[in-house]
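Please take a moment with the sequence and the model that follow. The paragraphs after them are meant as a guided walk for someone who has not met this structure before.

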Amino acid sequence: MPYKDREKQKEYQRNYQRQWRENNREKIKGYWQKFYYTHQNEVLTRKRRQQQQNEQTYEIRARRHHRSKIEILRRYSGEYPKCAYCGENRYECLQIDHINDDGCKERKITGGGENFYAWLKKQPYQPDRYQVLCANCNVIKRVRGLVSYNQGLETINEWDEWSKSKYIKTPEAIKEFWHKR
Ligand SMILES: [Zn+2]
């Protein structure tokens, strides 16, 4: 098959080039060093321009992300979004929580972080699936979801007592506990 041959040929070339680079490492290094000293200004200017461009791209992306995030937080919490559990309202730590803990499945479709908010923006309003939680409550929900299931553990002593008790599993109870109160 010609296709296979072409692939084989490409691979052969790649291997050959890699081998050559490995055998002539010093030569290549010398070449770049020489180039750098003779073209120092050009290299630096190009580097700086690249950096500025990167910063710009980063900032444009960041702004777009926060536009999406703010819109989503307001949709699921109100004009001044706050944690549905503890009322925390500092923007930086507010997150969208998957009420039914199916975020893992969904992230496979939507991608994480920025992509998730962009995706959710296009979805209809689903208050039974999403709510706003702060990062702390999100962690606490996850930890309790994994280990204690709405046994009302709050103080260190309650946790201490629980850690020495037997394992009981009631996922429904924790869902109820964490749903908007
Ligand atoms: Zn909270």
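In this predicted model, H66 is found in helix α3. How exposed is H66 there? It counts as partly exposed, because H66 has 14 C-beta neighbours inside 10 Å, whereas a residue would need 20 or more to be called buried and 12 or fewer to be called exposed. Although H66 and E114 are 48 residues apart along the chain, their C-alpha atoms are separated by 8.6 Å.

Stepping back from this single position, the reader can place helix α3 within the whole chain, which holds 8 helices and 2 strands arranged along the sequence in the pattern α-α-α-β-α-α-β-α-α-α. Of the 181 residues of the protein, 13% count as buried. Among contacts with a separation of 6 or more, 71% are made by residues 24 or more positions apart.

The two strands deserve a careful look. Strand β1, which covers residues 94-98, is joined to β2 by 5 bridges, and the two run antiparallel; at L94, the bridge partner in β2 is C134. Strand β2 itself, residues 130-134, is mostly covered, with 5 of its 5 residues buried. Y130, V132 and C134 point one way from this strand while Q131 and L133 point the other way, and burial holds for all of them.

Helix α4, made of residues 103-110, offers a contrast, for it is hardly covered and the count of buried residues among its 8 residues is 0. Just after α4, G111 takes a positive phi of about 80 degrees.

What, then, gathers in the interior? In soluble globular proteins, nonpolar side chains tend to be buried together. Here the largest nonpolar core has 17 residues, and those with the most contacts inside it are I72, Y76, C83, I96, V132 and L133. The elements that give two or more residues to this core are α3, spanning 40-77, together with β1, α5 (114-122) and β2, and the largest share, 4 residues, comes from β2. I96 shows how such residues meet: leaving aside residues up to four places away in sequence, I96 touches I72, Y76, L120, Y130 and V132. Helix α3, where the walk began with H66, is thus also one of the elements that contribute two or more residues to the core.

How values were computed:
Residues are numbered from 1 along each chain as its sequence is written. This is a predicted model: local features need pLDDT of at least 70, side-chain atom pairs count only at pLDDT 80 or more; totals for chains, interfaces and linings use all residues. Two strands pair if DSSP finds at least two bridges between them. Two residues are in contact if their C-beta atoms, placed from the backbone, lie within 7 Å. A nonpolar core is a set of buried Ala, Val, Leu, Ile, Met, Phe, Trp, Tyr and Cys residues joined through C-beta atoms within 7 Å.
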